[in-house]
Amino acid sequence: MTADPRPPGALSRWLFDAIHRNHLVYNQCWEDPAVDRAALELGAGDHVFAITSAGCNVLDYALLGARVSAVDVNPRQNHLLDLKRAGIRALDFESFFALFGRGETAHAREIYAELRPALDEPSRSFWDREIRLFEPGGLRGCSFYHRGTSGFVARALCQWIRHGARLWSFVERLLEAGSLEQQLDIYYCDIRDRLLGERFLRLIGHPGVMSLLGVPDPQRQMIDGQPGGLSTFLRQCMDHVMSVGLLRENYFWSVYPNGCYSRETCPEYLKEPNFQRLKSGLVDNVRVHTCTVTEGLARLVEPATAFVLLDHMDWLAPHPHLLEEEWEALFRAAAPGARVIFRSGSTDERFLPLSVVKRLHFDRERARELHHRDRVGTYASFHIARLAAAV
């Protein structure tokens, strides 16, 4: 047998890069914007530099009156935000909600024809091919929120829960629970041990599945190196989600078994009054750039007062020189008093180069408090900092 010449982890890195370059990965943001709002205290005077992801949170910041520069190296994620911006400008609320609220409609192509002229050429070319993602699928419950690579995994998990683990009736009861006490009783008595077994969680933690979910190998390794490893971490995540609020009111998680949002349980941009506010002009506060974070920071013509870096620091953790380069670009692009937030698979910020940490003032107490309120629950830590030079 010939030895594999690639270094350990090379295959998983290649797989992640191939998926992330060529596919729509995130069909919704996987960070809680309510936590971001409380951490950053954004207002009309702010200029936010943010990573696009699915664009939900970028629109959330715009609702506060902030100007937003959204950057993503994956053009498909920016195409999704462009589709939302074009829909806000060109559609009535019902048509917009059919696409992004229900996630499927037999009239997807007709609706797309209305908003298509408002798209730029790269996004138009993409959605000319892929608007089918919003058309009803041949299988039950297949909507836009079961498309993209993360949606594919979510749908596969739903099918496993329904037909493999045979726990769907308990999931339905979770979604109907009227109190946190009732929800926790169903979860701990009927679901947790039967679903979150070691074999199942090892499958979820496989590098291939993690890549489809948009979790880079360095982050997976960070989590796996913690006491109990990835399996214990995933159980703790679900324990947190079940205890932080009612699942039926948590749009991050309920969208996957339901395949759609409801009018009440959805991101802020999908609520009709907020849609109208965006349509009246706030959507024009968003600018979108397809490039790396470092390149995007260098392109800013106006200093940023707030930076939303998602879990991006984890992606660069094995390369301290890239982290230093990116933070230097951030320091140059920052206005006095600028704030930074980021999430991580690490339990603290010590994976950052010391030269970076020394230039940041962390509000650890506030960050821990908000982290406990986070409805997503899939990160080991949340961080709030101000630039030391700006204090």
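# Exercises on a predicted model

Gln226 sits in the loop that links α13 (217-224) to α14 (229-244). The model is predicted. Its mean pLDDT over the chain is 92, and 93% of the residues reach 70 or more.

## Exercise 1: a loop residue

Decide whether Gln226 is buried or exposed, and list its contacts beyond four places in sequence.

Solution.
- Step 1. Place the residue. Gln226 belongs to the loop between α13 and α14.
- Step 2. Read its relative accessibility, which is 18%. The cut-off for buried is under 20%. Gln226 is therefore buried.
- Step 3. Find its contacts. Setting aside neighbours within four places in sequence, Gln226 contacts Phe233, Gly345, Ser346, Thr347 and Ala380.

## Exercise 2: the order of the sheet

Work out the strand order of the sheet and name the strands at its edges.

Solution.
- Step 1. Recall the rule. Strands in a sheet pair through backbone hydrogen bonds, in a parallel or an antiparallel way.
- Step 2. Read across the sheet. Its seven strands follow the order β3-β2-β1-β4-β5-β7-β6. The sheet is open and the pairing is mixed.
- Step 3. Look at the edges. β3 (286-290) and β6 (360-362) each have a single partner strand, so one side of each has no neighbour in the sheet.
- Step 4. Add the twist. From one strand to the next, it averages 20°.

## Exercise 3: walking from β3 to β5

Follow the pairs from β3 to β5, and give a pair of opposite residues for each step where one is named.

Solution.
- Step 1. Start with β3 and β2. They pair in the parallel sense over five bridges. Asp72 is opposite Thr290 of β3.
- Step 2. Move to β2 and β1 (residues 47-51). This pair is also joined in the parallel sense over five bridges. Here His47 is opposite Arg67 of β2.
- Step 3. Go on to β1 and β4. These strands run parallel and are joined by three bridges. Ala50 has Val308 of β4 as its bridge partner.
- Step 4. End with β4 (residues 304-308) and β5 (residues 334-344). Four bridges join them, and they run parallel. Val308 has Ile341 of β5 as its bridge partner. Ala304 is matched with Ala334 of β5.
- Step 5. Add a helix. α2 (residues 33-40) packs on the sheet and touches β4, β5 and β7 (381-387). Its direction makes about 145° with that of β5.

## Exercise 4: a β-α-β unit

Identify the helix between β1 and β2, give the handedness of the unit, and explain why the helix is largely enclosed.

Solution.
- Step 1. Name the parts. β1, helix α3 (residues 56-63) and β2 build a β-α-β unit, and the unit is right-handed.
- Step 2. Count buried residues in the helix. Eight of the eight residues of α3 are buried, so the rest of the structure largely encloses this helix.
- Step 3. Name them. They are Cys56, Asn57, Val58, Leu59, Asp60, Tyr61, Ala62 and Leu63.
- Step 4. Leave the helix. Just after α3, Gly65 has a positive phi of about 90°.
- Step 5. Check the strand. β2 (residues 67-72) is mostly covered, with five of its six residues buried.

## Exercise 5: the nonpolar core

Find which residues touch the most other members of the largest nonpolar core, then trace the contacts of Phe307.

Solution.
- Step 1. Take the core. The largest one has 129 residues. Phe100, Trp127, Phe134, Phe307 and Trp327 touch the most other members.
- Step 2. Ask which element gives the most. α14 does, with seven residues.
- Step 3. Turn to β4. Five of its five residues are buried.
- Step 4. List the contacts. Not counting residues up to four places away in sequence, Phe307 touches Phe49, Leu297, Leu330, Ala333, Ala334, Ala338, Arg339, Val340 and Ile341.

## Exercise 6: a helix residue

State how far Val293 is from Ala329 in sequence and in space, and say whether Val293 is buried or exposed.

Solution.
- Step 1. Locate Val293. It is in helix α17 (residues 293-299).
- Step 2. Compare the two distances. Val293 and Ala329 are 36 residues apart in sequence, and 9.0 Å apart in space from C-alpha to C-alpha.
- Step 3. Judge accessibility. Val293 has 8% relative accessibility, so it counts as buried.
- Step 4. Find its contacts beyond four places in sequence. They are Phe49, Ile51, Val71, His312 and Glu326.

Notes: Residues numbered from 1 in each chain as written. Predicted model: local features only at pLDDT ≥ 70, side-chain atom pairs only at ≥ 80, totals over all residues. Heavy atoms only, no water. Helix = DSSP H or I, 4+ residues; strand = E, 2+ residues; numbered from the N terminus. Buried < 20%, exposed > 50% of the residue type's maximum accessible area, 1.4 Å probe, protein only. Contact = heavy atoms within 4.5 Å. Pairing = 2+ DSSP bridges. Axes fitted to C-alpha atoms, helices over the stretch in contact; angles between N-to-C directions. Right-handed = clockwise from strand over helix to strand, strands pointing away. Core = buried A, V, L, I, M, F, W, Y, C linked by side-chain atoms within 4.5 Å. pLDDT = per-residue confidence, 0-100.
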